[in-house]
Amino acid sequence: MKWRIASTGRVYDPGESTVVYFDNDSGDTHLLSDFAAFVIEQFDGQSLSAEELVDRISPVVESGQFPDLASALHDVVMDLAALDILKRV
C-alpha cells in the first residue's frame, strides 16, 4: 500500500520540538512533531510505501532515536492520515 499527500500545505518551524502545518485546502492548522513534518517532506509530490519511507528515513535518523523505526513511521502515517494530510493510494 502506498501513501501520498492529500493536499499541499505549508510548514512553519519555530525552532522548537513541534511545527505548525497549515493545510491550504481545508484551512486547518495542525501542531505536528518535527518527525511528522520530516515524514511529510519525504513525499515530495510522489506516493511512497511504508518500506520506501523506512529506506528514505533510516539513513538520517540517529541510532537509538527510534528503536523500531517502522513502527514509529506507521504511527505517524496513521496520525497524518487521520488529519487528512496523507491518504492511501
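This is a short tour of a predicted model, stop by stop, with something to select at each one.

**The whole chain**

Start with everything shown as a cartoon. You should find three helices and six strands in the protein chain. Follow the chain from the N terminus and the elements come in the order β-β-β-β-α-β-α-α-β. Now switch to the C-alpha trace, which spans about 35 × 30 × 20 Å along its principal axes. For 89 residues, a compact globule would have a radius of gyration near 12 Å, and the 13 Å of this chain agrees with that. Of the 89 residues, 33% count as buried. Take contacts between residues at least 6 apart in sequence: 46% of them join residues at least 24 apart.

**Colour by confidence**

Next, colour the chain by pLDDT. The average is 86, and 92% of the residues score at least 70. Which element has the lowest mean pLDDT, and which the highest? Select residues 9-12 for the low end: that is strand 2, with a mean of 69. Then pick residues 48-49, strand 5, where the mean reaches 94, the highest among the elements. A word of caution for the low end: where pLDDT is low, the predicted coordinates should not be read in detail.

**Helix 1**

Select residues 34-43, which make up helix 1. Is this helix largely enclosed or not? Seven of its ten residues are buried, so the rest of the structure largely encloses helix 1. To see them, show side chains for Phe35, Ala36, Ala37, Val39, Ile40, Gln42 and Phe43. Step just past the end of the helix to Asp44, which takes a positive phi of about 40 degrees.

**Helix 1 against helix 3**

Keep helix 1 on screen and add residues 69-82, helix 3. Two packed helices are described by the angle between their axes and the distance between the axes. Here the axes come within 10 Å and cross at roughly 85 degrees. That makes helix 1 roughly perpendicular to helix 3. On the helix 1 side, the contact uses Phe35, Ala36, Val39 and Ile40; on the helix 3 side, look for Leu69, Ala72, Leu73, Val76 and Leu80. Colour these residues by class and you get nine nonpolar, no polar and no charged.

**Helix 1 against helix 2**

Swap helix 3 for residues 50-57, helix 2. The angle between helix 1 and helix 2 is about 110 degrees, with the axes 11 Å apart. Helix 1 and helix 2 are therefore roughly perpendicular to each other. Which residues meet here? From helix 1 come Phe35, Phe38, Val39, Gln42 and Phe43, and from helix 2 Leu53, Arg56 and Ile57. By class, this contact has six nonpolar, one polar and one charged residues.

**His30 and Ile85**

For the last stop, go to His30 in strand 4, residues 29-33. Is His30 buried or exposed? Its relative accessibility is 14%, under the 20% cut-off, so His30 counts as buried. Leaving aside neighbours within four places in sequence, His30 is in contact with Val19, Val20, Tyr21, Leu83 and Ile85.

Now click on Ile85, which sits in the loop between helix 3 and strand 6 (86-88). Ile85 counts as buried because its relative accessibility is 0%. To finish, draw a distance from Ile85 to Val60: these two are 25 residues apart in sequence and 23 Å apart in space, C-alpha to C-alpha.

Terms used
Residues are numbered from 1 along each chain as its sequence is written. This is a predicted model: local features need pLDDT of at least 70, side-chain atom pairs count only at pLDDT 80 or more; totals for chains, interfaces and linings use all residues. Side-chain values use heavy atoms; hydrogens and water are left out. Axes are lines fitted to C-alpha atoms, for helices over the stretch in contact, and angles run from 0 to 180 degrees between N-to-C directions. Helices (H or I, at least four residues) and strands (E, at least two) are DSSP runs, numbered from the N terminus. Angles under 35 degrees count as roughly parallel, over 145 as roughly antiparallel, 65 to 115 as roughly perpendicular and the rest as oblique. Contact means heavy atoms within 4.5 Å. Ala, Val, Leu, Ile, Met, Phe, Trp, Tyr, Cys and Pro count as nonpolar, Asp, Glu, Lys and Arg as charged, and the others, Gly among them, as polar. pLDDT is the predictor's confidence in each residue, from 0 to 100. The radius of gyration is taken over C-alpha atoms; the globule rule is 2.2 Å times the number of residues to the power 0.38. Buried means under 20% relative accessible area, exposed over 50%, partly exposed in between (1.4 Å probe, protein chains only).
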